[in-house]
Amino acid sequence: MIAAEYGYEVLPGVAVDTPGVEDVLRQRERGQRWGILALIAEVLLLVAVLSLAGPGSATGSVTAACAAPVIAVTAGLTLLWRRARRRERLVMSTYGWQVWPVRTQDVRVVAAGGERARGRRWGTDGRVVLLQPDGQSHCSFPVPADGWDGPRPRGHRPADRVWFAGDTRFGGMVAEPGGLPFRYVVRSTPGKRRGTGAEDELARRAGLMPRNRPR
């Protein structure tokens with residue numbers, strides 16, 4: 001693990017064992033119930049209308065044409081929500097917290113609405129930069145400004161540290177010191193550093209390593 005190689009603190013156990021984390025994960029996972037209930041309600045409504053009006057009637061045809069896209073969207077969103085929650089739990093059940101020095105900064109990125117230069121349009125975007133011991137950038141992730149999961153910390157927390165659970169080549173969970181709140185982050189482009197066999201195995205188990213990445 002690169003954090004250990006740098007001499008950074010790696011907390012014992014896995015991130016999900018942090019007090020309060022399991023409660024937040026379960027609360028997030030319960031959210032998919034609303035999607036399932038909405039999906040059931042939409043299907044039952046469609047069946048009821050078709051039963052009363054007849055599947056070949058104008059009313060039945062119009063209702064089916066309108067309801068089908070809604071049902072498809074609801075099913076798709078529910079599936080995406082389930083996958084996202086499963087991804088979070090996998091990462092936090094596989095990795096322990098690593099304590100990283102950090103800074104935030106704007107970096108130059110390709111952007112559709114940016115200024116054109118060298119054949120591309122460029123803009124700026126905020127990044128959370130995990131630092132090497134010499135202060136240089138090890139990797140960066142988009143700033144998780146919205147969507148933090150869990151209660152905000154009380155009292156003073158160091159602004160130059162984050163807790164990270166995952167593989168810095170791909171992504172993972174970033175949290176404020178203490179483990180809450182947290183959010184899933186992913187690198188725009190996977191890192192090129194070759195990991196050890198143990199690192200690759202953990203990344204596969206957590207679903208972080210792309211399937212097409214060479215061993």
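Modeller: Before we start, buried here means under 20% relative accessible area. Also keep in mind that this is a predicted model.

Colleague: Okay. Which residues of helix H4 are buried?

Modeller: H4 runs over residues 197-205, and its buried residues are Glu199, Asp200 and Ala203.

Colleague: What puts them on the same side of H4?

Modeller: They cover an arc of only 95° around the axis, so they share one side of H4. The face turned away from that buried side carries the exposed residues Gly197 and Ala198.

Colleague: And what covers the buried residues of H4?

Modeller: The cover includes helix H1 (2-5) and strand E4 (161-167).

Colleague: On to the rings. How many aromatic pairs does a search of the whole structure find?

Modeller: Five. One of them is Tyr6 with Tyr8, at 5.6 Å centre to centre and 65° between the planes.

Colleague: What makes Tyr6 and Tyr8 a pair, and why edge-to-face?

Modeller: Ring centres have to lie within 6.5 Å, and planes over 60 degrees apart count as edge-to-face. Tyr6 and Tyr8 have 5.6 Å and 65°, so they meet both conditions. Together with Trp100 they form one aromatic cluster.

Colleague: Why does Tyr8 count as buried, and what is Tyr6 called?

Modeller: Tyr8 has 15% relative accessibility, and the limit is under 20%, so Tyr8 is buried. Tyr6 has 24%, which falls between 20% and 50%, so Tyr6 is partly exposed.

Colleague: Why is the pair of Phe141 and Phe164 called stacked?

Modeller: Their planes are 20° apart, and under 30 degrees counts as stacked, so the label fits. Phe141 lies in strand E3 (residues 137-142) and Phe164 in E4, so the pair ties together parts that are 23 residues apart in sequence. Phe141 is buried at a relative accessible area of 0%, and Phe164 is buried at 0% too.

Colleague: How do you know that Arg87 sits over the ring of Tyr184?

Modeller: Arg87 lies over the face of Tyr184 at 3.9 Å from the ring centre, and the distance limit is 6 Å, so that part of the test is met.

Colleague: Which residues have the most contacts inside the largest nonpolar core?

Modeller: Met92, Trp97, Met173, Phe182 and Leu208, in a core of 23 residues. Its largest share, three residues, comes from H2. There's also a second, separate core of 13 residues, which includes Ala3, Leu130, Phe141 and Phe164.

Terms used: Residues numbered from 1 in each chain as written. Predicted model: local features only at pLDDT ≥ 70, side-chain atom pairs only at ≥ 80, totals over all residues. Heavy atoms only, no water. Buried < 20%, exposed > 50% of the residue type's maximum accessible area, 1.4 Å probe, protein only. Helix = DSSP H or I, 4+ residues; strand = E, 2+ residues; numbered from the N terminus. Arc of directions from axis to C-beta. Contact = heavy atoms within 4.5 Å. Phe/Tyr/Trp six-rings, centres within 6.5 Å; stacked < 30°, edge-to-face > 60°. Lys NZ or Arg CZ within 6 Å of the ring centre and 35° of its normal. Core = buried A, V, L, I, M, F, W, Y, C linked by side-chain atoms within 4.5 Å.
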